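Here are my notes on the model you asked me to look through. Keep the viewer open and follow along point by point.

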Amino acid sequence: MRRLSMKLGLLVFLVVLLVIFALNGVDARLQGKLMEGGGRSLFLGISEIYQTSNSGSLTMAGQFFAALCFIYCIKGLSSEKTAYRSNIAGFLGMMVAILVSLPEEGFGNHYFVFFLTTIVSGAVGVYIADKTQLIKMPQLVAIFHSLVGLAALFVSYSYFYSSIGMKEGIYVLRRMELFVGGVMGMITFVGSVIAALKLDDIIPSKSVRIPLKNVSLSILLFSICMTGLSFCVSNNELVITTNLHCGMILSALFGIFMIISIGGADMPVIISMLNSYSGWSTAITGFLLDNSLLIISGALIGSSGAILSYIMCKGMNRDFISVLLGGFDQEETEKVVGDTKCYTTSSKETAEMLAESSKILIVPGYGMAVSKCQDIISDIIKELESRSIIVEIGIHPVAGRMPGHMNVLLAESGAPSRIVKEMDTVNKCMQEYDLVLVIGANDIVNPAALDPQSKISGMPVINVWKAKQVVVSKRSLAFGYACIKNELFTCERTKMLLGDSRETLQQVYKILKGCTGFVPRQYIDSRVTEEIEEVEDTDEVTTALLSSKQRKSSKNSRNISSRNKKAGEAETETVSMSVIKGSKKIALLPIVSEQDKTLLFPIPPSKVYKFREKGYEVAISRDVLTSSSQSKYFSEEIYMRSGALVYKNIEELIKECDVVIKMARPSEKEAKCMKQGQILICNMHISQYQDKENSQDQLLASLTKNGVTVIALDEVPRTSRAQTMDIRTTTSTISGYRAVVEAFNCLPRISKSISSAAGNVEESTVLVIGAGVAGLQAIATAKSMGTKVFAMDSRSASKEEAESCGARFIKVPSEEESLRKEEVLKKQRDLIEKYLCISDIVVTSACKPGEECPILITKEALRKMKSGSVIVDLCSEFGGNCELTQKDRTFSDVQSGITIIGKCNYVFSMPLQSSELFSGNLLSLICELGPTSDRLKCDLNNEIISRMCVAHENKMLWRPFTEQNQEKHENQEMLEKKSILENISKQSTLISIKDENKTASKTSVFCSKTEINGYLQKVMKEFKNFDKQLNGGVNFYAGVILATLFFMVLGLTMTTIQIQNIFSFIISTMLGYYCVWDVDPKLHTPLMSVTNALSGVIIIGSMMQYGNQTVTYTTLMSMFSTFLASINTFGGFYVTNKMLTLFTS
């Protein structure tokens, strides 16, 4: 809508000008008859009225108004809300600047010629901007830069020839301004044309090696300076003219040599630099013509481009001078990259990984723009967000060929700007992402930046390799602009989705769109029946290793051989299958419900292939399957078809496998079968099963004695990195959901309020005690069923979480309130009793690890509830929160009619769903133990594994929860002490701290050799800082003295107007500096396009060179300059509006 308004506004503006021409006829200068007849044209009449007034003041006021509009035009880009208005302000300022410049002395009333040229060129500029795709924005900006440079060059030539034609001498200072302005304009023009050709691949984008380039540039620069010096001091007209032409030719050669040798990797810097050059050339033209508006505008644009160049150089850890001296070395460009091996993936597997992730980061590179797949990325984002998956986009400052280019392309595709994050933001939380999808990026995600020996050493990069899983969508394994190998592509956590990104991501989106539910529901994965490609190298046993040079694979099909069951034949004892060479075997021990004998395996058949991809074989025991009547979801046939191994009995299964997984404590029989070095992954609940007399778990002691490594699932740390491995969270989520479902199954009431002819029914009331994971899930489930929900918890931090799920939060007393434990419990019971009377369903989940469950609902309070109410005690396994709770039993209290559900394992209510969720937790844990089976080990240096490992190498590592808290408290206290020590050490004071673990009389001084060395290093650092501050003070005062002398010289040698021009230049440069730093990084591309449009203010310089005579060759040069500047102005503002509409829509 806004783009349409912009087009209509421009159309109306052009129509108004045409109407004025119809009324005015033609220019009075070209129609002498009107003058002879005493007639006056409309423009001449306006001019006379204008000249009779205080024209100088009005012109100055208009120019300053335009300057303020230009300043706001840049400042407004600091926010998406004000960006659109800022573009309008810039366009308004440009129109005002043109109008107030019409009566200038040098314009000569050439209205017809000027407006005709402006209308035609403006229409051309708008047409070009409208037809140019945003992916071509760098080329468009470069071309517009060249137009400004050429316009400034023609203004300089017009000024020179008009002065010669009028036989006027040119002062030395004016000559210097003219020459420098022409040189800057020529370099900007030639350099921008070369850059545009490189960006469009008309000229190869790689840097061109020029023999003795630096020497050649030095000679050219010296020649330009000498030519300019001769131009400034010579009095011979022929010598002056020759020097001017020679200087421009040398400048063109300098621009060609400088830009053509710069590679595509440095193009963001070059585009910004050329933007700066166009501003400086405009400012120099302002000095030449004594025009304040040109000086102010040029300084704003020049400082803007300079700052963007600095930002780009910082984003690549490149020095600006090194960029100008040439791009990265191209010695390795032609190097064959076929020896690189990587782990490949398919569109289907990528879609599954996306669907199963909870937090995803997308990192786009320039390859995304080349393949034009940003619209597909936007569709994928919308699909993932519809599944409540968190999706964010990480943008590198130099991801494209222009600052902020990726943001514009993503905005064009409809990707919400709220999810777009800067590089520093995503790097801080990279470990929280389950999956990072890199699209067409190379150098900006290259770990080689961390290598001091690498040519991109120190370059800021997005640390995608720290995420849990990385998928790179890329056409091939070719090098990036830096021409170095990217180790990310061969990383074990990285999978390469090779091929055209648009095609592969289109397939990912179609598969993702077709998936229903949270994860795929197929019992049998299609991969099982497909042909399997195996890599020739036997040392690599991972999923799929690709060699881009050659990929030899042998087609093997699964051979499942078993003896046919014929009449009278005995059952087979073993099943022979093809096994991945060198793989580790995982034994799955099911848990069985005591009530209905329902089986629950930790990994379902549909997820076996995921473990096989990591190099692990999954195995089960036949005797368990045949002994249970409730094994329809986990039958032997389905497991075999999914690729699992089947053994005769549990003893043989455990003996043959390297890892044993069970969702509960193993039995004594199972524990005896385990061997030295075997890894057991299970729930231990040691604090509940340990002997109170000697505080020892007999089962754990037996496993430790046998040399079994035990990983306790219930000991997983509560950290963001370990979230995907947290079995307790998964179990609690299922329990919270099923608790509400089963409660309503027993409640003789309707859950939500309804109205009928018989009357109205109020909604049921649900009270949830304990707002942990299970409690929050219970709240959400109950709220979705239309009930009124109350939530109670002793933690104030739970309030926000409970209220976000739709509950009314009630804070209960806690031990933190300086009350005795008995008093706290009594207050809690009294408060709960008040709400029991109005509740239809009560769900309790108040239990702390390592402690007994508090009795919060006494039988007296329970019997005050309404008859027919239901209590679901989720803590029944550990005693329960209700006094009448019975473990694994559902019964009705005879006296009150209250139903009490004490079920322990709700996972048996949804065995297949539970198994699928558990397999996700276990896969993350297995990958933490070893990304591939050949690297499986229990690394106690890993912060997650060290917390979960309770036995290793015949040593018991488990400690009671209270001891862990005590150690945590001591560590925290020690850190506080060390912090105090460091603070006091800065004052060079000897510190001695009492050791609180010993007697009060003994003290210990933390003065070890290491601390003394650290202290000495800090002292030396302080001396260095002092020396730096001293040098900084000296530099400050030296700068003040030099600045004072400089301005004194100006005052003695220059006129008032010249000093005003310098003042305007300095102030505008400072304003531009502070305005540009506030610009939102997402709007850097609109910033470049709008400053490009503002540089079209050079049109004022061309207007002042039209001359007072009829059309001459200097007028023609000025007309051509007007033509170029108008294309730049109207096209620049239009394309800026086009981009800002995407961000503000």
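1. Let's begin with helix α14, residues 347–356, which is mostly covered: of its ten residues, eight are buried. The buried ones are Ser347, Glu349, Thr350, Ala351, Glu352, Met353, Leu354 and Ala355. Keep in mind as you look around that this is a predicted model.

2. Now go to strand β5, which covers residues 435–439. How many of the residues of β5 are buried? Five of the five are, so the strand is largely enclosed by the rest of the structure. Look at how the side chains alternate: Leu435, Leu437 and Ile439 point one way, Val436 and Val438 point the other way, and all of them are buried.

3. Who are the neighbours of β5? Strand β2 (residues 359–364) pairs with β5 in the parallel sense, over five bridges. Strand β6 (residues 470–474) also runs parallel to β5, and four bridges join the two. Val436 is a handy residue to click on here: Leu361 stands opposite Val436, and Val436 in turn stands opposite Val470 in β6.

4. Next, find the open sheet of eight strands. Its order is β15-β14-β11-β16-β17-β18-β28-β29, and the pairing is mixed. Which strands sit at the edges? They are β15 and β29 (955–956), each of which pairs on one side only.

5. Stay in that sheet and pick out β14, residues 616–621. Six of its six residues are buried, so β14 is largely enclosed by the rest of the structure. Both of its faces are covered, with Tyr616, Val618 and Ile620 buried on one side and Glu617, Ala619 and Ser621 buried on the other.

6. You can trace the strands around β14 by their bridges. On one side, β14 and strand β15 (residues 645–647) are paired parallel over three bridges, and Ala619 stands opposite Leu645 in β15. Strand β11 (residues 584–589) runs parallel to β14 as well, joined to it by four bridges; there, Lys584 has Tyr616 as its bridge partner. Carry on from β11 and you meet strand β16 (residues 659–662), again parallel and with four bridges. In that pair, Leu588 is matched with Ile661.

7. Two helices let you try a quick ruler check. For α10 (residues 237–260), 24 residues at 1.5 Å each should span 34 Å, and the end C-alpha atoms are 35 Å apart, which agrees. For α39 (residues 1113–1144), 32 residues should span 46 Å by the same 1.5 Å rule, and the end C-alpha atoms are indeed 46 Å apart. If you get a slightly bigger number when you multiply, remember that the expected span uses one less than the number of residues.

8. A bit more on those helices. At the N-terminal end of α10 there is a cap: a side-chain oxygen of Asn236 lies 2.8 Å from the backbone nitrogen of Leu238. As for α39, this helix is mostly covered, with 25 of its 32 residues buried.

9. How many cavities of 30 Å³ or more turn up in a search of the whole structure? The search finds two. The second largest holds about 40 Å³ of space. Its lining is made up of Asn407, Leu410, Ala411, Ala415, Pro416, Ser417, Val420, Lys1082 and Phe1143. By class, that is six nonpolar, two polar and one charged residues. Helix α17 (residues 405–413) supplies the largest share, three residues.

10. While you are at α17, have a look at Ser413, which belongs to that helix. Is Ser413 buried or exposed? Its relative accessible area is 16%, so Ser413 counts as buried, given that the cut-off is under 20%. Its side chain reaches the backbone oxygen of Gln374 at 3.3 Å.

11. Last stop: Lys597, in the loop between β12 (591–592) and β13 (599–600). Its relative accessibility is 46%, so Lys597 counts as partly exposed. Now select Phe908 too. The two residues are 311 residues apart along the chain, but their C-alpha atoms are separated by 9.5 Å.

Conventions
Residues are numbered from 1 along each chain as its sequence is written. This is a predicted model: local features need pLDDT of at least 70, side-chain atom pairs count only at pLDDT 80 or more; totals for chains, interfaces and linings use all residues. Side-chain values use heavy atoms; hydrogens and water are left out. A polar contact is a pair of N or O atoms within 3.5 Å; within protein, one must be able to donate a hydrogen and the other to accept it, and residues adjacent in sequence count only if both atoms are side-chain atoms. On a 1 Å grid over the protein atoms alone, a cavity is a set of points where a 1.4 Å probe fits but cannot get out, and a pocket is an open set with protein on both sides within 12 Å along at least five of seven lines; lining residues have an atom within 4 Å of a point. Grid points are joined across faces, edges and corners, and a volume is the space filled by probe spheres set on the points. Ala, Val, Leu, Ile, Met, Phe, Trp, Tyr, Cys and Pro count as nonpolar, Asp, Glu, Lys and Arg as charged, and the others, Gly among them, as polar. Buried means under 20% relative accessible area, exposed over 50%, partly exposed in between (1.4 Å probe, protein chains only). Two strands pair if DSSP finds at least two bridges between them.
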